[in-house]
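Got the structure open in your viewer? Let's walk through it one selection at a time.

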Amino acid sequence: MRAARVLSLLLLLQTRRAMTAAELAAELEVSERTVQRDVAALTEAGVPVYAERGRGGGYRLVDGYRTRLTGLERAEAEVLLLAGLPGPLHEMGLAGRALAARLKVAAALGDAPGTVVQRFHLDAPAWFKTARPPALLGAVARAVWEDRVLRARHARGGAVREHTVEPYGLVLKAGNWYLVARADDGRFRTYRVDRFEAAEAGEERFARDADFDLAAFWEEKSAEFARSLLREHVTVRLSRLGVARLPRVLEPVAASQALAATGEPDDRGLVTVRLPVESQEVAYDQILRLGPDAEVLDPPELRERIAQAARRTVDLYRP
C-alpha cells in the first residue's frame, strides 16, 4: 500500500512540476507528516526530490528527471473509461484507482498540467440540485465491478421486497443512481440505488451476457418510461416560433411525437398540434412557457385557465 502511495507521489511531482506538502496530502488523502516520510523514502531510493522554501515553494524533481514506472494495472485501466466523472468515481469508491491511473497515463504521455483535464469535464447532476450519494452505492458498485450476485432489500410503492440479482451496470441520471440488473426471471430491470435498504454481494459470481448493451438498454427504457407518463393529450395552435420552441418545453419523447404528427400550416402560418402530456397541470406550466406562440383549443377547462393567466398578466402590466 505504501509503495503504491509513494509511486503516486512521485508521479504527481513529475506531472505537476511542484507541489506543497499540503497539496500532496490532499491528493493522496494522508497527513503532511506522511508526505514528508514518503519524500524521504524517495530520496533514500535515489530519486532527486528537493524542497524549495518560501512563497511559491514546495517539493520538486530535478529538471529532466522522469520515471518509467508507469505500468497500468487492469483495474486502473478499466477505471480510465470513467475518468471524466470524478464526483461519481468518488461516490463509488473508485477515486484511488482513478488517481493512480491518471497519474500513470500523464507520466507516460509527458502530460503537462492543464492539457486534457482542463479542457473536458462532465458535471452529471442537474442544476440547483445537490445530490447525496446513496449510502449503499459503494457496495452495489463493488458487486457490479466484480460480477458478484447481489442480495438486496429494495423499497418501492410503500413495500420492501428482497431481491437476488445479477448487477450489470450503474447509471447516473440527473443526480440519481440506478442499478441495471438481471432478476430471477431472467429479465433486466432497473432499481433506484437510494431505495436499497440493504445490499450485500456474496462470493458467487455470474457470467455476463456478452450481447447486453447497457447504453442501448437505458436509452430504450428511458423512452419507454417517458411514454408511460404521457397519459393525456392537449390540442394547441402554434406559430412558427412556437413549433421551433416546442422541443425546449416538452420532454423529448413528447415533442418528437407531437412534431411527427404536425400538419401543414394554415394561411396565417399556424399549425394545429395534439400534444401528449403527463397531466393538465403539467401542460399548464409547459404552455405558459410558450407565451403568445401557443393557443389551447382543447380541453376547454385548460383553455380557460390559460386565458385567466393571460388576463392577470395584462392587468399586472396595465399602465
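Start by colouring the chain by confidence: its mean pLDDT is 80, and 78% of the residues reach 70 or more. Keep in mind that this is a predicted model. Confidence is highest in β11, at 95, and lowest in helix α4 (residues 74-79), where the mean is 49. Now select residues 77-82: pLDDT stays under 50 there, and the model gives this stretch 15 contacts beyond four places in sequence. Residues 111-120 are another stretch below 50, with eight contacts beyond near neighbours in sequence. Where pLDDT is low, the predicted coordinates should not be read in detail.

**Stop 1: a three-stranded sheet**

Show β1, β2 and β3 as a cartoon. These three strands make an open sheet in the order β1-β3-β2, with antiparallel pairing. β1 (18-19) and β2 (49-52) are the edge strands, each with a single partner, so one side of each has no neighbour in the sheet. Zoom in on β2 and β3 (residues 58-61), which pair in the antiparallel sense over four bridges. To find your place in that pairing, pick E52: the residue opposite, in β3, is G58.

**Stop 2: two loops with an odd phi**

Next, select E29, in the loop between α2 (21-28) and α3 (32-44). Its phi is near 60°, a positive value in a residue other than glycine. Is E29 buried or exposed? With a relative accessible area of 63%, E29 is exposed.

Jump to D147, in the loop between α7 (137-146) and β4 (148-156). D147 is not a glycine either, yet has a positive phi of about 55°. At 22% relative accessibility, D147 counts as partly exposed. Both residues are worth a look because most residues other than glycine have a negative phi.

**Stop 3: helix α8**

Select residues 214-229 to bring up α8. If you like a quick sanity check, use the viewer's distance tool on the end C-alpha atoms: they are 23 Å apart, which agrees with the 22 Å that 16 residues should span at 1.5 Å each.

Now show side chains. F217, W218 and A226 are buried. Look down the axis of α8 and its buried residues fall within an arc of 160°, so they line one face of the helix. What do they pack against? The partners are β5 (159-173), β6 (176-182), β7 (188-192) and α10 (252-260). Rotate to the face turned away from the buried side, and you will find the exposed residues E219 and E220.

Before leaving, go to the N-terminal end of α8. D213 caps it, with a side-chain oxygen 3.1 Å from the backbone nitrogen of A215.

**Stop 4: strand β9 and its partners**

Select β9 (residues 232-238). With β10 (residues 271-277), β9 pairs in the antiparallel sense over seven bridges. One pair to label is E232 and its bridge partner in β10, V277. β9 also runs antiparallel to β11 (residues 294-298), joined to that strand by four bridges. Here the pair to label is T235, which stands opposite D298 in β11.

Keep V277 on screen and add Q286, which lies in helix α11 (residues 280-288). Is Q286 buried or exposed? At 13% relative accessibility, Q286 counts as buried. Leaving aside neighbours within four places in sequence, Q286 is in contact with V249, L250 and V277.

**Stop 5: a cis bond, then helix α12**

Go back to D298 and step along to P299, in the loop between β11 and α12. The peptide bond from D298 to P299 is cis, with omega near 5°. That one stands out because most peptide bonds are trans.

Finish with α12 (residues 300-317). Its 18 residues should span 26 Å at 1.5 Å a residue, and the end C-alpha atoms are 26 Å apart, which agrees. L302, I306 and A309 are buried in this helix. These residues cover an arc of only 55° around the axis, which puts them on the same side of α12. What covers the buried residues of α12? The cover includes β9, α11 and β11.

Conventions: Residues are numbered from 1 along each chain as its sequence is written. Side-chain values use heavy atoms; hydrogens and water are left out. The expected span of a helix is 1.5 Å times one less than its number of residues. Buried means under 20% relative accessible area, exposed over 50%, partly exposed in between (1.4 Å probe, protein chains only). The arc is that of the directions from the helix axis to the C-beta atoms. Contact means heavy atoms within 4.5 Å. A polar contact is a pair of N or O atoms within 3.5 Å; within protein, one must be able to donate a hydrogen and the other to accept it, and residues adjacent in sequence count only if both atoms are side-chain atoms. Two strands pair if DSSP finds at least two bridges between them. pLDDT is the predictor's confidence in each residue, from 0 to 100.
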